[in-house]
Amino acid sequence: MSSNNEWLGFNPAETEAAESFKGGQKPIPNGRYQAIVTSAVRKRTKKGTGWFWELTFVIAEGEHEGKTIPFRFNMVNESAEAAEIGRRHLRRYLDCIGNLNPQDESELCNRVIWIEVECEKQSYTNKRGEQAEGINNVITKIDPYAVSASPPPKAAAPGQPSVPPWKR
C-alpha cells in the first residue's frame with residue numbers, strides 16, 4: 001500500500017530520482033501562438049538596484065499547448081534604456097489586454113493574446129560558475145487576440161464550471 005506525502009503531493013519512496021537536470025523544456029519552433037499569461041510576479045534585480053515584472057506566457061492551444069515562456073519587463077534599472085524598453089513593452093501588453101490601469105497582478109493574467117516566438121542561442125554562467133549555452137524561446141511580438149465574428153460564448157449555468165477564456 002502506498003502512502004502519499006500530502007505536503008509534497010506524492011510519495012518520494014515510489015518515485016525514481018533523476019540522474020540529470022539537463023534538458024528541461026525543449027524550445028518550440030519559431031511562429032505565432034495563442035497564449036495566456038498565467039502569472040505576473042514583481043521581482044528585484046540580482047544587484048537589488050531595480051525591479052521588473054516577470055510574466056509567464058503559456059501556449060494555449062495546438063501541438064505546443066502548455067509550454068511556458070517567461071518574459072521580463074524592466075521597470076527600474078541602472079540602464080535608463082533598459083527601463084524605457086521594458087516600459088514600452090509592458091505598455092504594448094497592456095494595450096493588447098485592454099487594461100491600461102491594472103490594480104494588481106491578477107489583472108495582468110488570464111487574458112488571451114497572440115505572441116510571436118523565436119529560438120535564440122544564449123550563453124550564460126550556470127550555478128557552478130561554468131560557461132554554458134542553450135537555445136531558448138524569446139517573445140518578439142505581442143498582439144491582441146482577434147475575436148471571431150461568431151457570437152460570444154454563453155455564460156455557464158449556475159453550478160457549472162466556466163470555461164477558461166483561452167479554451168473558448
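Here is a walk through this structure, from its overall layout down to a few single residues.

The model is predicted, so local features need pLDDT of at least 70 and side-chain atom pairs count only at pLDDT 80 or more, while totals for chains, interfaces and linings use all residues. Residues are numbered from 1 along each chain as its sequence is written, and side-chain values use heavy atoms, with hydrogens and water left out.

Let's start with the big picture. The chain has 1 helix and 5 strands; helices (H or I, at least four residues) and strands (E, at least two) are DSSP runs, numbered from the N terminus. Going along the sequence, you meet them in the pattern β-β-β-α-β-β. Of the 168 residues in the chain, 28% are buried, where buried means under 20% relative accessible area, exposed means over 50%, and partly exposed is in between (1.4 Å probe, protein chains only). About 12300 Å² of the chain is exposed, and carbon and sulfur atoms supply 51% of that; the areas come from the Shrake-Rupley method with a 1.4 Å probe, and for residues only the protein chains shown count as cover. Now for contacts, meaning heavy atoms within 4.5 Å. Among those with a separation of 6 or more, 45% are between residues 24 or more positions apart.

Strand β2 is a good place to look next. It covers residues 51-59, and 9 of its 9 residues are buried. Both of its faces are covered: one side carries Trp51, Trp53, Leu55, Phe57 and Ile59, and the other carries Phe52, Glu54, Thr56 and Val58. Strand β1 (residues 31-44) pairs with β2 in the antiparallel sense over 9 bridges; two strands pair if DSSP finds at least two bridges between them. The hairpin of β1 and β2 has 6 residues between the strands, and glycine 48 takes a positive phi near 80° there. Strand β3 (residues 68-76) also runs antiparallel to β2, joined to it by 8 bridges. In that pairing, phenylalanine 52 has asparagine 74 of β3 as its bridge partner.

Threonine 56 shows how one residue fits into β2. Serine 39 stands opposite threonine 56. Threonine 56 counts as buried because its relative accessibility is 18%. Leaving aside neighbours within four places in sequence, its contacts include Ile36, Val37, Thr68 and Pro70.

On to the nonpolar core, a set of buried Ala, Val, Leu, Ile, Met, Phe, Trp, Tyr and Cys residues joined through side-chain atoms within 4.5 Å. The largest one has 26 residues, and those touching the most other members are Trp53, Phe57, Phe73, Tyr93, Ile113, Ile115 and Ile142. Two or more residues of this core come from each of β1, β2, β3, α1 (80-97), β4 (112-125) and β5 (131-144). Phenylalanine 57, again leaving aside neighbours within four places in sequence, is in contact with residues including Ile36, Phe71, Tyr93, Ile115 and Ile142.

A last stop is the loop between α1 and β4, where asparagine 110 lies. Most residues other than glycine have a negative phi. Asparagine 110 is not a glycine, yet it has a positive phi of about 65°. With 40% relative accessibility, asparagine 110 counts as partly exposed. Next to it in sequence, cysteine 109 is buried, at 11%, and cysteine 96 is buried too, at 10%. The structure holds 0 disulfides, a disulfide being a pair of cysteine sulfur atoms within 2.5 Å.
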